[in-house]
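Here are some short exercises on aromatic rings and burial. Try each one with the structure open before you read its solution.

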Amino acid sequence: MDDGAAVLAQAIGARVKQERQARRWTLDQLAAAAGVSRRMVVNVEQGAVNPSVGTLLRLADALGVGLPALVEPPRRAALEVTRHGAGAVLWRGDHGGRGVLVTATDQPDVLELWDWTLGPGDVHPSEAHAPGTKELLHVHAGSVCVDVADQTVVLGAGDAVAFPGDVAHGYTNPGEEPARFSLSVFEPRSGAVSRSLPASRSEVVHD
């Protein structure tokens with residue numbers, strides 16, 4: 001990890017640990033609730049890994065908080081400014097792509113604003129988010145192929161699409177130039193639905 005990624009990993013780890021301890025959960029309880037391995041929870045809390053967006057979403061959902069709560073400092077003012085380059089880089093592609101969480105609102109209805117870049121050939125698949133999640137995508141440069149459930153659309157610069165985020169979806173750059181797009185994700189009543197722990201450790205996904 002570079003210095004920026006290491007700092008972010010440490011901040012995420014501290015917040016996950018804080019949220020877990022506030023609920024008086026053990027590492028095993030959080031792992032079971034999130035559907036990840038205990039080793040992954042330990043590594044995240046220690047800041048030893050840069051967890052994937054999917055893992056962060058699982059942890060945030062299990063803890064009953066929105067994703068921004070794990071990666072952003074507590075909000076103290078009505079006006080929150082994110083300066084250029086200060087967003088949280090939560091995804092890096094194999095061909096130069098980046099997924100940056102620029103800013104977000106607080107709970108209960110969480111609205112996230114992302115700045116995405118996909119290098120030629122970059123692919124970012126995403127699991128289904130919480131029920132009721134909606135996404136809005138606006139392409140600024142290049143072309144982006146958006147897959148939602150069994151539907152696929154290719155967008156060019158200036159094109160936009162709205163789609164449900166509570167089904168499996170993904171973004172691909174099918175072109176030969178970098179693609180850039182803004183993504184807004186709305187998750188109503190984030191963390192409001194109570195979760196039960198898996199019945200057995202065999203149900204846990206090992207990252």
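A residue counts as buried when its relative accessible area is under 20%. The model used here is predicted.

**Exercise 1. Decide whether Trp114 is buried or exposed.**

Solution. Start with the relative accessible area of Trp114, which is 4%. The cut-off for buried is under 20%, so Trp114 is buried. Now apply the test to its neighbours in this exercise set: Trp116 has 2% relative accessibility and is buried, and Trp91, with 14%, is buried too.

**Exercise 2. Classify the ring pair of Trp91 and Trp116.**

Solution. First, find the pairs: the whole structure holds 5 aromatic pairs. In the pair of Trp91 and Trp116, the ring centres are 5.3 Å apart and the planes meet at 40 degrees, so this pair is tilted. Next, place the partners in the chain: Trp91 sits in strand β1 (residues 88-92) and Trp116 in strand β3 (residues 110-118), 25 residues apart, so the pair links distant parts of the chain.

**Exercise 3. Classify the ring pair of Trp114 and Trp116.**

Solution. The centres lie 5.7 Å apart, and the planes are at 25 degrees. Planes under 30 degrees apart count as stacked, so that is the class of this pair.

**Exercise 4. Which residues do ring pairs link into a cluster?**

Solution. The cluster is made of Trp91, Trp114, Trp116, Tyr171 and Phe181. For the wider setting, the protein chain has 5 helices and 10 strands, and 41% of its 207 residues are buried.

Key: Residues numbered from 1 in each chain as written. Predicted model: local features only at pLDDT ≥ 70, side-chain atom pairs only at ≥ 80, totals over all residues. Heavy atoms only, no water. Phe/Tyr/Trp six-rings, centres within 6.5 Å; stacked < 30°, edge-to-face > 60°. Helix = DSSP H or I, 4+ residues; strand = E, 2+ residues; numbered from the N terminus. Buried < 20%, exposed > 50% of the residue type's maximum accessible area, 1.4 Å probe, protein only.
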